[in-house]
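Please open the model in your viewer and keep the selection tool at hand. The stops below are meant to be taken in order, one selection at a time.

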Amino acid sequence: MAAQSQMELRSLPAVPKLDDTRRGIMEGNNAEDGSNFTSDRRGTKVPMESILAFDHRNEGQKDEEGSFDHSSKGGWKTMPFIIGNEACEKLASLGLSSNLIIYLTSKFHMPNVTASYVINVWLGSTNLTPLLGAFLSDSYIGRYWTISLGCTASFIGMGLLSLTAIFPQFRPPPCNVNAGTPCRLATGAQNALLYSSFTVMAIGAGGIRPCSVAFGADQFDYTSEKGKRSIQSFFNWYYFSFTIAMMVALTIIVYIQDDVSWSWGLCIPTSLMFLSVTSFLLGAKLYIRVRPEGSSLTSFLQVLVGAVRKRHLVLPSQTSDYYDPPQIGVLKSSMALTDQFMFLNKASIKIPQDFKEDGSVAFPWRLCSLQQVEELKSVIRLAPIWSTTISTFVCLAQLNTFPVLQAELMDRHVGKHFQIPAGSFGFFSMVALTLFLPIYDRFIVPFSRRMTKDGKGITLLQRMGIGMALTVISMAFAATAERKRRNLAVSHGFMDTPRDGITMSALWLVPQFSVAGVAEGFSAIGQIEFLYSQFPENMRSIAGALFFLSMALGNYLSSFIVSIVHNTTGGPGHHNWLAQNLNMAKLDNFYWLIAGYGTLNLVYFVIIARWYRYKATVNDHTAKTSITGQDKQISPSP
């Protein structure tokens with residue numbers, strides 16, 4: 001494909017060169033008054049002094065929202081506050097979500113399918129709102145205020161949920177079917193309080209999740225080698241704190257919820273969320289706050305409109321005929337010209353009518369910079385790859401629902417005196433992830449570099465593909481374990497009494513959780529790194545939001561599949577795959593269905609991954625001079 005595109009480019013007729021005066025204006029030199037100007041990403045006339053101010057960014061110059069002097073602000077001294085905020089927030093949110101299905105079925109008397117549906121919709125919403133939070137952060141209010149408002153909202157939402165456990169009037173009364181006490185569902189007011197807490201927590205997640213990683217990276221100078229190493233160390237500490245928080249949430253907090261009380265089990269996460277807010281605000285005077293650079297969506301629309309308006313023009317053969325001003329943003333590097341989606345290049349073709357007399361762009365909706373065009377291209381290239389990641393989270397979403405109910409029906413004892421809480425089996429997934437990360441970094445990566453010809457080792461797309469394959473294997477293990485559990489229950493006559501006499505060890509569930517943890521290490525973490533590296537620098541909050549959006553769509557799709565399976569399976573002489581009594585259900589068939597979907601998605605991923613080209617900047621190549629012959633700048637193939 002690259003060779004064919006190169007031949008097509010060589011056959012393009014050259015357009016007439018603009019006159020020298022106009023080229024001087026395009027390069028920023030006003031031909032009339034001799035003053036020096038350049039243009040920002042939307043074509044606004046900007047004095048060259050603003051670029052010089054940016055060049056002194058790391059020597060203590062300030063922008064409109066804060067100082068960039070790393071001797072007084074930013075750096076490692078802010079990490080206790082940022083990582084402390086993230087660890088407490090994760091402890092709080094995971095302490096709620098990991099065992100929530102038990103709370104909804106035992107205290108609110110929801111049927112299993114209804115509780116699974118509610119949790120998937122809530123988790124999906126908490127991963128959907130980050131898209132709005134990222135847009136507000138990158139375009140208008142900045143990451144600091146987005147995180148602050150998000151933490152506050154999460155604290156309020158958790159407080160509302162805690163009220164349902166503390167005060168009996170806020171939840172349905174206890175019941176005992178065997179004693180003749182029927183289980184009553186929640187009233188409208190009780191459901192209103194419950195769902196209000198979920199809604200407010202979802203809003204809070206929209207502010208925290210897309211910005212926390214990017215805000216931490218903002219505290220270091222990404223232009224220096226020392227700053228780059230510090231950012232890498234920050235990622236390591238971030239994932240370490242994240243994993244530790246998950247392990248604590250899945251053990252200690254779940255144990256308190258199951259064996260002490262739900263009042264304490266929900267109040268503790270709420271208190272941790274308060275500590276999260278406090279930790280973040282205490283470091284307010286130390287943070288570097290990168291000001292937002294405006295809406296990227298507007299820039300993308302300008303490219304599309306500009307390309308349509310100039311659709312009749314012929315693509316030029318020289319890059320000097322394109323509008324390519326210097327970049328002045330705080331988080332901006334010039335992207336290399338690519339030969340994909342070349343129709344969009346027409347939006348940056350220079351014609352005299354596009355400029356005012358002072359050299360500034362007269363019509364931003366007709367003339368766009370090459371940077372704007374390549375930013376849009378990078379997002380378009382990412383879209384098919386990103387869509388395949390949804391399947392991973394459809395598989396992982398199953399671990400938060402039905403396996404917890406399975407564990408309740410199995411022997412969870414380890415030794416004579418200790419019983420693993422049903423909601424704590426996700427702990428094995430976190431242990432596998434924790435053990436996998438250093439093994440991957442110290443052994444797998446060096447080995448893969450030695451085995452590959454170019455010495456680059458496993459690419460990000462290969463890492464994601466391996467993770468997708470492992471999620472399919474995890475679902476296969478889940479189906480196998482459930483088939484064995486159900487056959488054992490049926491053979492012992494426990495079809496109608498599912499909670500009595502099951503002697504099969506719940507440790508049979510460990511393989512599916514462990515493989516899922518390793519799959520997450522490959523796919524989910526690989527996806528974060530892929531989005532962070534391939535998205536335009538000024539859109540990295542949105543890149544983080546897209547990761548959570550794929551999780552949201554995974555949860556929504558999981559809920560949709562659960563609903564379809566529940567409504568279409570079963571009938572005369574056949575049990576529903578997701579029956580309330582799991583001993584009468586055919587949950588293993590459901591797991592095989594998810595595994596089949598994951599397999600089809602993996603095939604699709606392999607096909608489009610071969611087409612994808614990684615993002616390249618001008619700094620990665622020689623300066624752009626021509627898009628013909630050997631000087632043509634394209635992104636390297638994976």
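What follows is a walk through aromatic pairs, charges over rings and nonpolar cores in a predicted model.

Begin with the aromatic rings, of which 27 pairs are counted here. Select tyrosine 144 and tyrosine 287, whose ring centres are 6.0 Å apart; because their planes meet at 55°, and tilted pairs are those that are neither under 30 degrees nor over 60, this pair counts as tilted. Tyrosine 144 belongs to helix α6 (residues 112–166), whereas tyrosine 287 sits in the loop between α10 (262–282) and α11 (296–309), and the two are 143 residues apart, so that the pair links distant parts of the chain. Colour both by accessibility, and you will find tyrosine 144 buried, at a relative accessible area of 5%, and tyrosine 287 buried as well, at 1%.

Now widen the selection around these two rings. Tyr144 and Tyr287 form one aromatic cluster together with Trp145, Phe215 and Phe280. Add arginine 289, which lies over the face of tyrosine 144, at 4.0 Å from the ring centre.

Move next to phenylalanine 436 and phenylalanine 522, a pair with ring centres 4.7 Å apart and planes at 45°, and therefore tilted. Phenylalanine 436 is found in helix α15 (residues 426–451) and phenylalanine 522 in helix α17 (residues 510–534), so the pair ties together parts that lie 86 residues apart in sequence. Are these two rings buried or exposed? Both phenylalanine 436 and phenylalanine 522 are buried.

Stay with helix α17 and select glutamate 520, which has its place there. Glutamate 520 has a relative accessible area of 19% and, because buried means under 20%, it counts as buried. Setting aside residues up to four places away in sequence, glutamate 520 touches Ser429, Met430, Leu433 and Ile525.

Turn then to the largest nonpolar core, which has 127 residues, and pick out those with the most contacts inside it: Tyr103, Leu104, Ile385, Leu461, Phe530 and Phe590. The largest share of this core, 13 residues, is contributed by α6. If you centre the view on leucine 104 and leave aside its neighbours within four places in sequence, the residues in contact with it are His109, Met110, Ala115, Val118, Ile119 and Leu194.

Another core, of seven residues, lies apart from that one, and among its members are Phe436, Tyr440, Leu470 and Val515. As a last selection, take arginine 463, which lies over the face of tyrosine 440, at 4.2 Å from the ring centre.

Notes
Residues numbered from 1 in each chain as written. Predicted model: local features only at pLDDT ≥ 70, side-chain atom pairs only at ≥ 80, totals over all residues. Heavy atoms only, no water. Phe/Tyr/Trp six-rings, centres within 6.5 Å; stacked < 30°, edge-to-face > 60°. Helix = DSSP H or I, 4+ residues; strand = E, 2+ residues; numbered from the N terminus. Buried < 20%, exposed > 50% of the residue type's maximum accessible area, 1.4 Å probe, protein only. Lys NZ or Arg CZ within 6 Å of the ring centre and 35° of its normal. Core = buried A, V, L, I, M, F, W, Y, C linked by side-chain atoms within 4.5 Å. Contact = heavy atoms within 4.5 Å.
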